[in-house]
Amino acid sequence: MNLEQQFQARIDQEIKVEPRDWMPEEYRQMNIRQIAQHAHSEIVGMLPEGNWITRAPSLRRKVALLAKVQDEGGHGLYLYSAAETLGISREELIDQLHEGKAKYSSIFNYPALTWADIGAIGWLVDGAAIMNQVSLTRTSYGPYARAMVRICKEESFHQRQGYEILLTLCRGTQEQKAMAQDSLNRWWWPALMMFGPNDDQSTHTEKSMNWKLKRKKNDELRQQFVDVTVPQAEYLGITVPDPDLKWNEERGHYDFGEINWDEFWQVVKGNGPCNKKRMNDRIKAHEEGAWVREAAMAYAEKRQQRKLQQAS
């Protein structure tokens with residue numbers, strides 16, 4: 001049995017792959033791509049919400065949103081750290097993002113126009129993320145799987161926070177409920193796109209499933225999301241913007257309309273409503289925060305030197 005066969009046998013036995021284990025180069029690269037895309041999505045995802053912290057309608061909402069954005073920064077930290085165990089530096093990953101060589105979730109290239117959008121992002125975007133990420137707690141690469149346990153716990157709070165924002169609006173004035181409906185109208189289809197292209201159009205799905213980097217296929221996750229989310233919308237008293245949406249008794253699932261894949265690919269290629277703004281804001285924040293990183297490194301070096309002097 002050669003190395004690749006031994007590696008696959010370990011995967012099939014549900015033995016986690018650890019950083020010092022032998023792994024095929026393609027497995028390493030697929031892991032880096034997947035983890036990095038997830039990390040970038042957490043960091044870029046801070047931007048539309050961070051813009052609303054000072055405009056949140058109460059001190060309670062400000063504090064909750066600030067905590068959420070801080071969580072997302074922490075998620076990015078865990079994930080970049082997990083990627084570094086595969087032999088790539090955080091600096092290289094961030095350079096790839098800023099140079100347009102790396103992807104992040106297309107959902108963050110849509111604008112958050114109203115306070116209700118912050119609710120929709122929590123309910124729909126984080127809800128879709130959880131649907132995918134819960135299965136990633138069992139991904140085959142150990143550091144990624146362990147990072148996902150904490151991330152999923154925190155994301156569940158984010159999802160409930162978003163839903164509670166919309167529930168409050170839907171129980172308020174007609175204008176507030178209309179704001180909630182408008183946010184659902186604009187975020188529903190991009191949320192379905194978050195799961196990626198249909199399985200027959202996804203170039204990495206088969207290999208990812210075989211190596212158990214992914215546990216569920218895109219279409220399965222998307223269907224699961226629709227089945228869970230539609231009753232939640234009904235409870236809110238707002239309508240999912242899909243005339244083809246209906247319960248299929250025979251399948252035991254909701255049937256839903258066709259996604260506009262042309263729009264999806266346009267956004268992925270950089271032509272979405274906010275692609276350029278998101279990247280310009282991200283690069284600006286990175287450059288303006290350089291002094292903080294440099295100060296932290298200088299402090300760490302001083303501490304290390306002091307420890308060496310005390311030990312000698």
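1. A helix, in the sense used throughout this note, is a DSSP run of type H or I with at least four residues, and helices are numbered from the N terminus. On that footing, α4 is the element that gives the most to the lining of the second largest pocket, with six residues. The structure discussed here is a predicted model, and the points below should be read with that in mind.

2. The second largest pocket encloses about 640 Å³ of space, and 20 residues make up its lining. Of these lining residues, R90, I94, R282, H286 and R293 are the ones that lie nearest the centre of the pocket. Helices that each supply at least two residues to this lining are α2 (25-50), α3 (59-84), α4 (90-98), α11 (275-288) and α12 (290-311). In chemical character the lining divides into ten nonpolar, five polar and five charged residues.

3. How many cavities of 30 Å³ or more does a search of the whole structure find? There is one, and the largest cavity has a volume of about 30 Å³. The residues that line the largest cavity are I11, E14, I15, K16, T139, S140, K212 and R215, and they divide into two nonpolar, two polar and four charged.

4. Two residues in the lining of the largest cavity, E14 and K212, deserve a separate look for their backbone geometry. E14, which is not a glycine, has a positive phi of about 65°, and it is found in the loop between α1 (3-12) and α2. Because its relative accessible area is 43%, E14 is classed as partly exposed. K212, also a residue other than glycine, has a positive phi near 60°, and its place is in the loop between α8 (205-210) and α9. With a relative accessible area of 17%, K212 falls under the 20% cut-off and is therefore buried.

5. The packing of helix α6 (residues 142-170) with helix α9 (residues 218-236) can be described in some detail, since the two helices meet at an angle of about 30° with their axes 10 Å apart. That angle makes α6 roughly parallel to α9, because angles under 35 degrees are counted in this way. On the α6 side the contact involves Q159, Y163, L166, L167 and C170, while Q232, Y235 and L236 take part from α9. Sorted by character, the residues of this contact comprise six nonpolar and two polar, with no charged residue among them.

6. Within helix α2, S41 is a residue whose surroundings can be listed. S41 has a relative accessible area of 11% and is therefore buried. When its neighbours within four places in sequence are left aside, S41 is in contact with Y104, S105 and F108.

7. Is T54, placed in the loop between α2 and α3, buried or exposed? Its relative accessibility is 67%, so T54 counts as exposed. From C-alpha to C-alpha, T54 and Y27 are 43 Å apart in space, and in sequence they are 27 residues apart.

Notes. Residues numbered from 1 in each chain as written. Predicted model: local features only at pLDDT ≥ 70, side-chain atom pairs only at ≥ 80, totals over all residues. Heavy atoms only, no water. Axes fitted to C-alpha atoms, helices over the stretch in contact; angles between N-to-C directions. Parallel < 35°, antiparallel > 145°, perpendicular 65-115°, else oblique. Contact = heavy atoms within 4.5 Å. Nonpolar A, V, L, I, M, F, W, Y, C, P; charged D, E, K, R; others polar. 1 Å grid on protein atoms, 1.4 Å probe; cavity = no way out; pocket = protein on both sides within 12 Å on 5 of 7 lines; lining within 4 Å. Points joined across faces, edges and corners; volume = space filled by probe spheres on them. Buried < 20%, exposed > 50% of the residue type's maximum accessible area, 1.4 Å probe, protein only.
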